[in-house]
Amino acid sequence: MTMEQRLAAQRRAFLRDGAPTIAQRKDALRRLRSAILTERSALTAAVSADFGHRSPYETDILEILVTVQAIDYLLRNLKRFMQPERRHVALPYQAGRAYVQYQPKGVVGVMAPWNYPLSLTLIPLATALAAGNRAMLKPSELTPHTSQLIETMLAAQFPADKVAVVTGGPEIGARFSELAFDHLVFTGSTAIGRQVMQTAAKNLVPLTLELGGKSPAVMARDALTARDVNSLAFGKLSNAGQTCIAPDYLLIHQNDVENFIALYDAAVKAFYPTGPTGSDYGAIISDRHYQRLQDLLADAQARGARIVPVGHRPESASERAKTLAPTLIVGAPDDSRIMQEEIFGPLLPVRTYAAIDEAIELINAGPRPLALYYFGPAGAERERLLARTTSGNVSVNTTLLHFAQDDLPFGGIGPSGMGACHGIEGFRALSHAKGVFIQSRWHFTDLLRAPFGKLADAVLKIMLRRR
């Protein structure tokens, strides 16, 4: 069956059956949750096979746990999300009542990336099911083992006219983005996001775009602590840095650089005591991405940046393919590739500032990022930074954890994305907000019907009076 035929079958089924009840939606969510936990070991093994190596603990914590938590959140809040929302009725019309009814859009397409192939496929699916939609999924061709397992797992739980998986390379992805979905969720690079948006516009398909960008981390002056540096290292090095909300570069006061390097080195050694070839440290997804990171590092060094190896690097350790050790890049210039491109790897540029306004200026000089991180005490500097910068989301004194807050909307702005996942905002993004006004037997327009005359003049005089 072609993609177009699958979409047509899902749309026919949606029109035939109508919006599912809350009981049907909860049943779908529970079946999805059960399938994930049943296949947990197989899923972690598939992800590791696709990457060349990824710790099962990372997959459990960063993918399976957050997906199950998201499903549980939807189950707890679904009744509230589905309830019609009463709206204000202006005085002349108060013989009637108004409300917003949230109804499913129909068929939702989901295009998922390779870096978190489970959570970034299954959380949008769970949200689509909670909102009462049917769904077609296009996982990444760079994670074929995971994609195949997801397809098999979902086929055992849902009929094809409810949930369908489409696999294949970039040409299949391009065709998928051309389908006339009722909504399309895309997670990936900004460059591909632009292409998807152009394609979707041909069918006026509404979009949720979860993109990326250079997410900065800012450390306050004289506020360095081992705990904060540990948090930064966790956010940067989880999944070997292949995280869309990973800290992309660090802004730190010029007097704190050497102290930071020592603390970061200690954190990396503690996290990965056997070095980058140990079982807890991940590989880069492909040879192409590995070479791209090596090129970024070489370009920064050629432009005068100071390259600082960190962590244990035992000479006797066997080299694992596509494994890149954690590295700091101090003082990379603005025009270096590593300060211009999203890194998506374990390389952390370190730039200095003398006053917080310099950090704000540097952040605002680039495209608006998907995430922003601040480490330091509450006070005027923190409030100024948060007020004067615009980003998708913010975490203070930690990294990544805003993504795990299911009641917060998650999404970018401008080049880092549009629309939101998670929270009631995610549910509403995949729902149609249908405004309904119910008028009583008597209504205001009885006074404003032809033939017009003195009564209409009197009513309009009251309604249009100056305030």
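**Close-up views of two cysteines and strand β7**

**View 1. C244 is buried, with a relative accessible area of 14%.** Here, buried means under 20% relative accessible area, exposed over 50%, and partly exposed in between, using a 1.4 Å probe and protein chains only. This is a predicted model, where local features need pLDDT of at least 70, side-chain atom pairs count only at pLDDT 80 or more, and totals for chains, interfaces and linings use all residues. Residues are numbered from 1 along each chain as its sequence is written, and side-chain values use heavy atoms, with hydrogens and water left out.

**View 2. C421 is buried too, at a relative accessible area of 16%.** Why is there no bond between C421 and C244? The closest cysteine sulfur to that of C421 is in C244, and the 10 Å between them is too far for a bond. A search of the whole structure finds 0 disulfides, a disulfide being a pair of cysteine sulfur atoms within 2.5 Å.

**View 3. Strand β7 (residues 207–210) is covered on both faces.** L207 and L209 are buried on one side, T208 and E210 on the other. Helices (H or I, at least four residues) and strands (E, at least two) are DSSP runs, numbered from the N terminus.

**View 4. Strand β7 has β6 and β15 as partners.** Strands pair if DSSP finds at least two bridges between them. Strand β6 (residues 183–187) runs parallel to β7, joined by 4 bridges, and L184 stands opposite L207. Strand β15 (residues 417–418) runs antiparallel to β7, with 2 bridges, and G417 in β15 faces E210.
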